[in-house]
Structures are given as structure tokens and as C-alpha cells.
Amino acid sequence: MSTGTTASVSTHILDTSVGRPAAGVAVHLAARTGREADWQALGGSATDADGRCKDLPALPEGTTHVRLDFDTETYFAKKQAAAQQDAPALRDSENGRPVFFPEVTIAFAVVPGEHYHVPLLLNPFGYSVYRGS
């Protein structure tokens, strides 16, 4: 949780192509202490059966920007392999990838003392993100 000197971040993912939480998506967290500062990798996690990351690392004091990186390609490749074992795979004919967006990166500004919940609505060919509560 946030304190008076730091912000905190949580996220969850809903796979809108099936209307269910997206379990097992790798999520990486990075932060920086100013617009011109380098990103500092803080660690990662994976979504649970409810599509939530409950163990993202705490943000360092002085964080002004946060970045969440979601590995969507691996998630959809595993899902597709399991669902279409005997059927031909639905593929993007131009590049052979099972999804159009192999990763989703969301960067946003934070202020100390606030909590930022960032839900990701995901499908193989699009996504939407917003600041939740």
C-alpha cells in the first residue's frame, strides 16, 4: 500500500475475448524518478487465477513515473495451443504471431501517497487500459 512518501500500484487483466480473468500473464514493473531519468526495473509477477497481481514490488521513494509491461504474446500462445490442438491455429498472416500486440506497455505518472490500480482489458487484437479504483 502507499504511504505518505510513496505511491503504490496494482493491476488485473480481463481477457475480453472470453469474458474471464487472464491467468498466468507475466507482468514487470519499472519506475523512474523524473521524466529524464532512466527506468529502474523493480521486479515482476504473474497474474493469478483471478487475473490479479497481488505481489508487485513497492515503489521506491521519489518515484514519479511507473511502467507496467505485460507479456501478452506468451499468454495468448499458451491459450491458443490448449484450445486448438486439432484445429488450425488462427494466426496473423503477416508475421505468424498468435496476437497482434505481443506485449503491452503502460507508463503513467504518480504522486506520493496515492494508490494506482491499472486494469487491462485484453483480447488478441486490441486492449484498453484505465485508472481504476
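**Exercise 1. Read the fold order**

Task: In what order do the elements of the protein run from the N terminus on?

Solution. Start with the order: β-β-β-β-β-β-α-β-β-β. Then take the inventory: the protein has 1 helix and 9 strands. This is a predicted model, and confidence is the next check. The mean pLDDT is 88, and 84% of the residues reach 70 or more. Over residues 86-95, however, the pLDDT is below 50. That stretch has 11 contacts in the model beyond near neighbours in sequence.

**Exercise 2. Build the open sheet**

Task: Which order do the 4 strands of the open sheet have, and which strands stand at the edges?

Solution.
- Step 1: strand 3 and strand 6 run antiparallel, joined by 6 bridges.
- Step 2: strand 6 (residues 65-70) also pairs with strand 7, again in the antiparallel sense and over 6 bridges.
- Step 3: the full order of the sheet is 4-3-6-7, with antiparallel pairing.
- Step 4: strand 4 (40-46) and strand 7 each have a single partner strand, so they stand at the edges, and one side of each is left without a neighbour in the sheet.
- Step 5: from one strand to the next, the twist averages 20°.

**Exercise 3. Follow Phe-70 across the sheet**

Task: What are the bridge partners of Phe-70 in the sheet, and which residues does Phe-70 contact?

Solution. Go to one side: Phe-70, in strand 6, is the bridge partner of Val-27. Go to the other: in strand 7, the partner of Phe-70 is Val-104. Now list contacts, leaving aside neighbours within four places in sequence. Phe-70 touches Thr-11, Ile-13, Val-25, Ala-26, Val-27, Pro-102, Glu-103, Val-104, Ile-106 and Leu-120. Both bridge partners, Val-27 and Val-104, appear in that list.

**Exercise 4. Sort the faces of strand 7 and find the core**

Task: Which residues of strand 7 lie on its covered face, and which residues touch the most other members of the largest nonpolar core?

Solution.
- Step 1: in strand 7 (residues 104-109), Val-104, Ile-106 and Phe-108 form the covered face. Thr-105, Ala-107 and Ala-109 form the uncovered one.
- Step 2: recall a general tendency. In soluble globular proteins, nonpolar side chains tend to be buried together.
- Step 3: the largest nonpolar core holds 25 residues, of which Val-9, Leu-68, Phe-70 and Phe-108 touch the most other members.
- Step 4: strand 1 (8-15), strand 3 (26-32), strand 6, helix 1 (72-83), strand 7 and strand 8 (115-123) give two or more residues each. The largest share, 4 residues, comes from strand 8.

**Exercise 5. Classify two residues**

Task: Are Ser-8 and Lys-54 buried or exposed?

Solution. Ser-8 is found in strand 1. Its relative accessibility is 9%, under the 20% cut-off, so Ser-8 counts as buried. Lys-54 sits in the loop between strand 5 (52-53) and strand 6. Its relative accessible area is 67%, over the 50% cut-off, so Lys-54 is exposed.

Add the spatial partners, C-alpha to C-alpha. Ser-8 and Tyr-116 are 6.1 Å apart in space and 108 residues apart in sequence. Lys-54 and His-12 are separated by 8.9 Å, at 42 residues apart along the chain.

**Exercise 6. Take the whole-protein totals**

Task: What share of the residues is buried, and what share of contacts joins residues at least 24 apart?

Solution. Of the 133 residues, 35% are buried. For contacts, count pairs at least 6 apart in sequence: 65% of these join residues at least 24 apart. Finish with the surface. The protein exposes about 7500 Å², and carbon and sulfur atoms supply 51% of it.

Methods: Residues numbered from 1 in each chain as written. Predicted model: local features only at pLDDT ≥ 70, side-chain atom pairs only at ≥ 80, totals over all residues. Heavy atoms only, no water. Buried < 20%, exposed > 50% of the residue type's maximum accessible area, 1.4 Å probe, protein only. Pairing = 2+ DSSP bridges. Core = buried A, V, L, I, M, F, W, Y, C linked by side-chain atoms within 4.5 Å. Contact = heavy atoms within 4.5 Å. Areas by Shrake-Rupley, 256 points an atom, 1.4 Å probe, with all protein chains shown as cover. pLDDT = per-residue confidence, 0-100. Axes fitted to C-alpha atoms, helices over the stretch in contact; angles between N-to-C directions.
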